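Could you walk me through this protein at the level of its helices and the residues where they meet? A friendly tour in plain paragraphs would suit me well.

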Amino acid sequence: MRVDLVTTRAGSIAVPTARRPARRRRPAFLPYLLAVPILLYEIVFILYPIEQGLKSSFQKQASIGKPPVWVGLANYRRMIHDHVFWEVMRHTIFYMLAVIVLAIGFGLGSALVLNRPFHGRTIARGLMMLPWSFPDVAAVLVFIWMLDPNFGIMNVFARWLPGVNQNQKWLLDPNLAMLCVILITAWKGFPFYCLVILAALQTVPSELTDAARVDGANKVQTFFAVTLPTITPTLLLLTVLAAIFSFKQFTIIFLLTGGGPARATETIVVSVYQTAFRFHDFPYAAALGAAGFLMTLTVALIFLAVQRRQEMEYA
């Protein structure tokens, strides 16, 4: 029993008061309980397939209906001595670098334009997001019609160029097929990068740009001295995302060319699919997938290290 003193005209009177009940402490296991569904999802749908894929890469399927046989590094030795694998990796790296440059370059340029005030800017921002909102299959079907060698509209524009007197076989020419795949992939993904860069441009302090203009810097100098260093962390993050997205791109490439002609557009993801479901060599496909996973992880770690170094420099 607790006693409080209450002051009245007659003096102070001791009044007993009831003790307040102690607050119930929240259970300490609640945060861990909320994280259980996420952990289960990661284990079942990510970690377990990775473990099974790596395990399968060390095996060999003797024949259909029989259990696989453990062969160790035989699939990896075969992969290292396979010239097709190195050709596919060369295509993958070239495709990934080209998509990164074009998608982020287009995204940065369009974000700089949409960041400036002009009439109809809201409508322009909405229209700019249309390529990203289209489903991959629908967009690819439209481009297949546009690139048709007989009645495609792209041949109408191509004939405007000097030296072009006949219809181009866009997706059947090894020299043009990869270019078409890269441009379509960059067109499909650049609105996302534009949206993120546009949000980063909103965070550039206006005091810095005003100070640069007072010092006599023009728009180009202001961009390289103020704007670009401010949004560099965002650009590095988008570079990592673009590398991952382009590396695992399958739908656009497979629907456009299927990896052809003559393997000219075959990336590591398409090669894994062809090896597993066309040639039914699942252990070797697992080894190719492990090599692709290692490549993606290496690229991501390199860019994250660069981003970490820049953060330490600005800190």
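What follows is a walk from the overall fold to a few helix pairs and some individual residues.

Please keep in mind from the start that this is a predicted model. The protein contains 13 helices and four strands. Of its 315 residues, 34% are buried. Contacts that reach far along the chain are well represented: taking contacts between residues at least 6 apart in sequence, 61% join residues at least 24 apart.

Let us begin with helix 3, which spans residues 83-114, and its pairing with helix 8, which covers residues 174-201. The axes of helix 3 and helix 8 lie 6 Å apart, and the angle between them is about 40 degrees. Angles from 35 to 65 degrees fall outside the parallel and perpendicular classes, so helix 3 and helix 8 are oblique to each other. Their crossing is right-handed. In the contact of helix 3 with helix 8 there are 23 nonpolar and four polar residues, and no charged ones.

Helix 3 has another partner in helix 10, which runs through residues 219-247. Here the packing angle is about 140 degrees, and the axes are 10 Å apart. That angle makes helix 3 oblique to helix 10, and the crossing is right-handed. On the helix 3 side, the contact involves Thr92, Tyr95, Met96, Val99, Ile100, Ile104, Leu108 and Leu112. These meet Phe223, Ile231, Leu235, Leu238, Thr239, Ala242, Ala243, Ser246 and Phe247 of helix 10. Sorted by class, the contact of helix 3 with helix 10 has 14 nonpolar residues, three polar residues and no charged residues.

One of the polar participants deserves a closer look. Is Ser246 buried or exposed? Its relative accessible area is 4%, and because buried means under 20%, Ser246 counts as buried. Ser246 sits in helix 10. Leaving aside residues up to four places away in sequence, Ser246 touches Tyr95, Met96 and Val99, and these three are among the helix 3 residues that meet helix 10.

Ala98 offers another view of this region. Ala98 belongs to helix 3, and with a relative accessible area of 16% it is buried. Along the chain, Ala98 and Ser246 are 148 residues apart, yet their C-alpha atoms are separated by 9.5 Å.

Now turn to the other pairing of helix 8, with helix 6 (residues 136-146). The axes of helix 6 and helix 8 are 12 Å apart and the helices pack at about 135 degrees, which means that helix 6 is oblique to helix 8. This crossing is right-handed. Helix 6 contributes Asp136, Ala139 and Phe143 to the contact, while helix 8 contributes Ile184, Trp187 and Lys188. By class, the contact of helix 6 with helix 8 holds four nonpolar and two charged residues, with no polar ones.

Finally, a word on the cysteines. How many disulfides does a search of the whole structure find? The search finds zero. Cys180 has a relative accessibility of 10% and so counts as buried. Cys194, at 0% relative accessibility, also counts as buried.

Notes:
Residues are numbered from 1 along each chain as its sequence is written. This is a predicted model: local features need pLDDT of at least 70, side-chain atom pairs count only at pLDDT 80 or more; totals for chains, interfaces and linings use all residues. Side-chain values use heavy atoms; hydrogens and water are left out. Axes are lines fitted to C-alpha atoms, for helices over the stretch in contact, and angles run from 0 to 180 degrees between N-to-C directions. Helices (H or I, at least four residues) and strands (E, at least two) are DSSP runs, numbered from the N terminus. Angles under 35 degrees count as roughly parallel, over 145 as roughly antiparallel, 65 to 115 as roughly perpendicular and the rest as oblique. A crossing is left-handed if the near helix is turned anticlockwise from the far one by less than a right angle, and right-handed if clockwise. Contact means heavy atoms within 4.5 Å. Ala, Val, Leu, Ile, Met, Phe, Trp, Tyr, Cys and Pro count as nonpolar, Asp, Glu, Lys and Arg as charged, and the others, Gly among them, as polar. A disulfide is a pair of cysteine sulfur atoms within 2.5 Å. Buried means under 20% relative accessible area, exposed over 50%, partly exposed in between (1.4 Å probe, protein chains only).
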